[in-house]
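Work through the following exercises with the sequence and the model open beside you. Try each task before you read its solution.

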Amino acid sequence: MDSLCIRTRGLTKRFGARTAVDGLDLEVVRGQTFGFLGPNGSGKSTTIRMLLGLIRPTGGEAFVRGYSVSRERLKALARVGALVETPAFYPFLTARENVRLFGMLSAPVSERQVESALRTVGLDGRMDDRVRTFSHGMKQRLGLACALVAEPELVILDEPTNGLDPEGVREVRELIRSLAETREMTVFLSSHLLHEVEQVCTHVAVISRGRLQASGPVSELVRSQSAGVEFEVDRPDAALEVFRRFVRPDALSVEGRRVRIRVDESEVPGLNRALVTNGVDVSAIERRRRTLEDFYMGVMRQEGPVQ
Amino acid sequence: MTFAGLLRMEAWKLARRGRSYIGPAGLLAIVFPTAIGLRYGPMASELERYVSSSVTVIGSPLNALFIARVVLPPTVFLFLPLFVSIVAGDQISGESAEGTLRALVSRPVHRLKLLAAKYLVSLGYAVGLTAFLGLSALAVGYSFFGMGGLVNFWQGITYFGVAEGLERLALAYALAAAYQLCVCSVAFLLSVFMQSSLAPVGVTFAIMLVMGAVGEIPYFERLKPFFFTTYADLFQKAFLVPLDAGGMVRGVAALAAWTGISFGLAAAAFSRKDILS
């Protein structure tokens with residue numbers, strides 16, 4: 001069995017003169033929880049639509065579960081659950097009827113599976129209510145139930161926490177984690193919430209302007225970035241002047257009275273001395289934890305291949 | 001999912017949609033006032049006097065068959081196409097507008113099978129709605145006037161006994177259904193290209209109006225046989241004595257060609273369509 005659950009080779013989509021996805025090479029191994037990151041309009045949703053056979057690539061090819069989406073779409077999607085952008089349902093049907101209907105399109109589903117999927121996303125109290133009465137957050141949960149009801153081996157989720165309250169976001173995060181850990185599903189997750197992605201994903205890819213900018217295990221990518229140190233000072237402008245003698249301007253950033261500088265920790269005492277010598281009072285020095293957001297912002301600033 | 005399963009699913013969805021019931025409700029809103037108007041208005045006695053001076057009628061010319069006959073022209077030309085295109089024109093465009101099309105197509109379902117299931121359900125609706133018109137007109141007519149032979153006013157006055165009248169009506173409704181299948185197919189084809197569920201209805205009617213108007217211009221006389229609107233009144237041939245079998249076959253063949261070509265184009269477009277909604 002192919003160990004790759006998703007593979008794209010030179011995947012390209014053009015809409016007229018605009019290139020939405022440009023020669024994308026992506027590999028997602030079975031069992032991974034894979035975060036797909038990128039700014040709005042970077043080509044994430046177009047890529048997902050090509051993976052699901054909703055749109056046809058202009059060039060290259062996408063393989064899902066080892067099958068070409070263009071040539072063997074039914075086999076490729078046979079055990080795939082998906083939530084694409086804002087989930088849509090038949091408003092005149094109940095939650096139970098919608099989940100059953102979309103589930104049956106993938107595989108025969110029992111009433112027990114329908115109820116279990118609705119319970120999993122916390123909609124067990126509204127199973128027999130018509131969807132037209134649901135809030136946006138409830139529809140988002142229902143979309144997840146539709147994606148999970150046929151017990152797929154690959155789940156593709158496009159912004160699954162959109163419109164959810166903080167409690168809902170936390171629940172979905174736990175759900176996604178459990179999909180990979182207890183149900184051994186492969187999860188392909190597109191999200192803007194970098195903190196969420198960092199908490200649940202084992203691997204990420206960053207896409208910008210339709211091109212892959214970086215990909216790899218979250219732990220490695222985060223480690224590859226210099227985390228930096230934050231100095232809380234009385235005069236941030238003066239501190240910046242001092243730091244510019246030591247590092248390039250793109251290694252510096254300011255937020256209120258906190259000046260962040262990306263340097264090796266061994267340089268901190270020297271920097272502190274330089275600030276004090278130049279009359280800048282330092283009230284705190286804090287080592288910054290490396291985050292996925294740091295990595296992502298670094299990649300976005302560079303706009304070039306990192307790995 | 002099997003094709004039979006898709007068909008059941010689409011039929012079930014159609015049955016659950018509120019807009020599916022606009023047609024039957026609208027037709028009843030035509031049939032009832034027609035019967036009430038004929039029953040209590042001044043026309044009843046005038047009609048009986050006029051008919052009895054021309055043909056020998058057993059019983060009253062106002063009866064169930066007459067109601068089923070008299071509601072045919074306005075509904076076939078206007079109301080049935082409207083109600084049929086409301087449903088057929090919504091099949092793809094409505095799902096596209098609601099976003100459910102991407103949810104359907106992102107499942108392991110063959111696109112053409114999905115399209116064919118939707119199409120067949122639409123055709124079934126068109127036939128069913130035409131049959132509903134006939135049966136409801138007969139039922140309402142019977143409850144108001146009782147049964148009797150059929151008086152026909154098209155191209156002179158003719159009279160058919162009850163049995164032959166029912167046969168002629170059945171044939172007329174079958175021909176009317178053939179025209180509705182064609183309208184249904186055109187609306188369904190347009191539905192593949194549009195994002196709004198009402199746009200195919202408007203465009204279908206625009207096409208019908210343009211074809212109807214152009215067909216009346218003598219310069220375009222040669223094009224007229226190729227317009228499906230030319231066969232809108234095909235049902236009238238069911239009341240000719242003797243029956244014009246050749247004319248009916250030619251009309252049905254033209255409508256069948258329009259129906260087939262429309263679905264062929266819809267299938268070709270839908271199988272290559274990028275689902276962007």
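**Exercise 1.** How many aromatic pairs does the structure hold over all chains?

*Solution.* The structure holds 14 aromatic pairs over all chains, where rings of Phe, Tyr and Trp (its six-membered ring) pair if their centres lie within 6.5 Å, and where planes under 30 degrees apart count as stacked, over 60 as edge-to-face and the rest as tilted. In the pair of A:Phe231 and A:Phe243, the ring centres are 5.1 Å apart and the planes stand at 55°, so this pair is tilted. As the next step, place both residues: A:Phe231 belongs to strand S11 (residues 229–233) of chain A and A:Phe243 to helix H9 (residues 236–243) of chain A, so the pair ties together parts that are 12 residues apart in sequence. Here helices (H or I, at least four residues) and strands (E, at least two) are DSSP runs, numbered from the N terminus.

Before going on, note that this is a predicted model, in which local features need pLDDT of at least 70 and side-chain atom pairs count only at pLDDT 80 or more, while totals for chains, interfaces and linings use all residues. Residues are numbered from 1 along each chain as its sequence is written, chains are lettered from A and ligands numbered from 1 in the order in which they are written, and side-chain values use heavy atoms, with hydrogens and water left out.

**Exercise 2.** Decide whether A:Phe231 is buried or exposed, and then do this for A:Phe243.

*Solution.* Buried means under 20% relative accessible area, exposed over 50%, and partly exposed in between (1.4 Å probe, protein chains only). A:Phe231 has a relative accessible area of 0%, so A:Phe231 is buried. A:Phe243 is at 0% relative accessibility and therefore counts as buried.

**Exercise 3.** Describe the aromatic pair that B:Tyr119 and B:Phe188 form.

*Solution.* The pair of B:Tyr119 and B:Phe188 is tilted, with 5.2 Å from centre to centre and 55° between the planes. B:Tyr119 lies in helix H8 (residues 111–145) of chain B and B:Phe188 in helix H9 (residues 162–193) of chain B, so the pair ties together parts that are 69 residues apart in sequence. B:Tyr119, at 7% relative accessibility, counts as buried, and B:Phe188 is buried with a relative accessible area of 0%.

**Exercise 4.** How many disulfides does a search of the whole structure find?

*Solution.* A disulfide is a pair of cysteine sulfur atoms within 2.5 Å, and the search finds zero over all chains. A:Cys5 is in no disulfide, since the nearest cysteine sulfur, that of A:Cys201, is 14 Å away, which is too far for a bond.
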